[in-house]
Every structure is written in C-alpha cells, then in structure tokens.
2 protein chains.
Amino acid sequence: MSHAAKVVFVSAGPGSADLITLRGLQRLAAAEVVLFDALTDPALRAFAPQAEWVNVGKRGFEHSAKQGEINALLVQHAQTAAGMVVRLKGGDASVFGRLEEELEALIEVGIEAEVVPGVTAALAAAAESQRPLTRRGRGRSVSLTTAMTEDRELQAGKHAATEVFYMAGRQLPGLQRRLLAAGWPASTSVCVVSRAGCADALSSSHSLHELAAASLLHQGRPTVVTIGVGATAVTSLAQRKSTSTRANPEPRLKSVVLPATALQP
Amino acid sequence: MSHAAKVVFVSAGPGSADLITLRGLQRLAAAEVVLFDALTDPALRAFAPQAEWVNVGKRGFEHSAKQGEINALLVQHAQTAAGMVVRLKGGDASVFGRLEEELEALIEVGIEAEVVPGVTAALAAAAESQRPLTRRGRGRSVSLTTAMTEDRELQAGKHAATEVFYMAGRQLPGLQRRLLAAGWPASTSVCVVSRAGCADALSSSHSLHELAAASLLHQGRPTVVTIGVGATAVTSLAQRKSTSTRANPEPRLKSVVLPATALQP
C-alpha cells in the first residue's frame, strides 16, 4: 500500500466523527484538499484545519445524477493540488460507496490512489443494538444489501442467516412486503437502527409483520434493517426461559421497543 | 448508548493498530483493565499504559475450548475492577467475534456493556486490493461468511453477487472445491488477502480454478477470500478493451498476481 498516493479515499464511518480510524485521521491531517459528502460529520473538519474543504453534496442513498460531476471534481483537484487530496466518504468506501466509479476516473488519468477502510453502517447498528451479526452454530453468514435497485425498485431475498439492508427509513413498508414475499416468516426478528453510531441513534425492535409501522419513527434518517438470527436480542439463559412463550422477546434493547400498533395512523 | 458501561467491547480492527477507531482509542485510554486477543496489535498498548493488560490468548479462527474461560475472566475482572474493563477484540466484535457468548456472560451477572464497532477484515481486504465489495448495477449485495462449521467442515455456497470468506490460508484448496461444487464458474475472479490492513498484507488474484495454489502463499496467516463481482479489478475503459480477451485481467493489483502454476509443488 503506497503512502505517497495522490488521492486517498478515507472511510469516515457512519455519522459520528469518533468512528473514523486513526489512519483516516492521519490522512486528513496531511491533506491539502478534502472532498466530502453530506453524510460525513462536520466535526471532522477540526482534524484538517489546514485543508480546503469541498462539499460534493452527495447524500448516501439518493440516486445521484451527480456522480459524473464528483468524478470530474476529484480528477481536477488531484491534477491541480500540490499535496494530497482526501476523498472523505461516509461509512466504508468499499460498501455502497460508489468507490468503483471514482477509482475508474483516477485510473483514466493515471493518478494513484489509496483506500482507508472504515466502519460500515451494519457494524455500527449491530454495536448500537448489541446484537452480533454472527452467532455461534446458528449464524455463520451475514449479507449486506441495498434493497433499492437502479430503477428505484425495492428488492429483498432470503440468502443468509442474517441480512442487513441499507436504506431510507421511509422504505420500511415496501421492505416488509418484499421480505414476507421472499419467504421470511412473519414472526422473524427485525432490528431497525437509524443514524447508527451517532449520539441520536435510534433502535427499534419488531417482528417482521410489524416492520412497516417503524417507518414513522425512522423517516428521513439513514437506516439499516437487520433481519434473522443477528436481529435477536442477546439474553441470559434465565431470561430465555422466562420469555420463551413470547414470540419476540426483547428484554435488552435499550431504545424503543415498538408494539405493533404504536405508530399506526 | 451508555458511556458509563462497566465493560466496553472495543473492536480493534484487523491487525494494524491504526485501524482502530477514535472512539476505541478513547475507551482504551480510560480503561483500568484490558483483556486482549492474540490477533490485536501489541502497538495498541501505547494508548493505555495506565491499564493492566491481560492476554486471554484466543486466536481468530481457531476453534477454542477456551471461550468459557474467557467469559469467566471477563466477569471476574468486571466484578473486581473499580473502573472500566475493556475487552479488546480483533476486527469487528459483531462479525465472527464470539460477542454473543461474552455479552451473555455479563447479562447473567447483571453487568452493563457497550460495544464499539470497528473495521472487519473483509473491508480491510477490499481497501488493500482496491476492489470495492459492491458495484453499481452489478453487485448490490455482499455476504460475509466463515467457511468453517462447528464440526470443522468447510462449507461454501453461492448466495450473493460477492461473497467474502473469513478463514485460514491453508484452507484454500478445500474452499476451491466447495465453491466449484456450489456452482461458481471456474473462471470466476477470486481475490485473496492475508493480514489485510497490516504493513505485511499480501494480496493475490486468481481465477477460481487456480485458488488452491494460493495456499502456499497465505499459509499460517489470517486470510479473507473474496469471490464474484467484488473480486474483479477496477480498470479504465481503455484497459477493459485491451484486456477483454484475457479471462481474468488484473492490471491494477499492486501485490502478487499468481500464475496458475507458480506455487504448485
């Protein structure tokens, strides 16, 4: 990995400035220019006061006609800056971050890049809700998916013991329909976390047939939806015994536990 | 998320100390005791010189009879320490980190926990090889899997556009057989990265039918194997045209590109 790369893609983690890596901070501190997305924490500016900060305006899951403009801006700054250009991206650059398009644009003009990994939203959501994505003997795989296709259609399947969907909070009713159609039982545990990793993160816990009701709570916020084994609460043996008659016991979630009817209009 | 939790699970990231998050560093700096795994970077000690560092000895993907002992140690320190106990884990605690068992042990005795997310090896491997795990219009899902079952059997399927296997470098021949049996074409791109994120990280690039040969290169090192769309190199349009007659063009990988015969005995 070259440390003299002209452009460094720095994964900022989801939302909160303190979820960036130490390596990411070091690259920021050495940057001449920082091109940043709307989803990265403004508090990160304090770590690169020497740099010119350029807002490229893109938001996480909006279908963006602007990707071409961002590529052009990146190339332009890389060709004119004397020092290092940091491209700061929310979450992890390699997961739903359009990294391929921006790397391609640099390759076209022969500019070398480095990629600094980061915390992707699924991991922050799992930490926030204290629900590990993998479970011994029951969950050996986890799938990260964006439910929205290029044609703005929702798709969802049933491919792994645990699936995590990156999406907008308003899409939950559509996701519920798709997940039921894909064969997930109505009683399957679902955990919804919006603004995972941030101080105002919100978790809610549902059975799949109640998922749609959560959209009012998470609307307008970047949201990850976890379904399957990894969405179940971790409980003690004693708690498991005492709650075994309930369909979806959630004794440990510190945040909101929504009853099916709480948010229905 | 409580910041006064007695036990904080801190995800250290894969191998290299500078892949820990700022939040993780802050928790380390406030720790009275740090219980750490063999896979975390010793350089992290410099960030918590005030703490007692306890090696719990577990290595990433070894089947460990010691999990019960680790749980007991964690509870014992949490019950006797006056201040914060940090449980430092390699990679991200929520992905193949046995977090469930340790959370359960704390719940049994009523001790509150916090989880700080981190960089999981799949993300570090994607950054290292500059091969994004998701691709616009072609790769909307990525699956993270440990190929090894509890019975020490290798399993592999074909569930997502891109699949990442967390494993030992010596298991590559078995994985090749399983992936072919699962229906992946022999010409599918595979990217193997061992010690991702570390200074001595090693990447190699293969077609699936050549994967077994990579085991000599990666033997004895924690390894992630990426197959599918996310394992292909990012190339310029011109490069794609000029290499379109090659089965598996890899013009950008900075590390080792193995020919099929290079490492066969």
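**Two chains, one axis**

Chain B can be laid on chain A by a rotation of 180° with 0.0 Å of shift along its axis, giving an RMSD of 0.0 Å (a least-squares fit on C-alpha atoms of residues with pLDDT of at least 70 in both copies). The two copies are therefore related as by a two-fold rotation axis. The same surface serves both of them, as 100% of the contact residues of chain B recur in chain A (contact means that C-beta atoms, placed from the backbone, lie within 7 Å).

A word on what you are looking at: this is a predicted model, in which local features need pLDDT of at least 70, side-chain atom pairs count only at pLDDT 80 or more, and totals for chains, interfaces and linings use all residues. Residues are numbered from 1 along each chain as its sequence is written, while chains are lettered from A and ligands numbered from 1 in the order in which they are written.

Now let's visit the place where the chains meet. The contact takes 58 residues from chain B and 58 residues from chain A. On the side of chain B that touches chain A, H3(B) gives the most, with seven residues (helices are DSSP runs of H or I with at least four residues, strands runs of E with at least two, numbered from the N terminus).

Strands join in too. Strand E6 (residues 141–146) of chain A and E6(B) pair in the antiparallel sense over five bridges (pairing requires that DSSP finds at least two bridges between the strands). Within this pairing, look for Thr145(A), whose bridge partner in E6(B) is Ser141(B).

Terms used:
Two residues are in contact if their C-beta atoms, placed from the backbone, lie within 7 Å.
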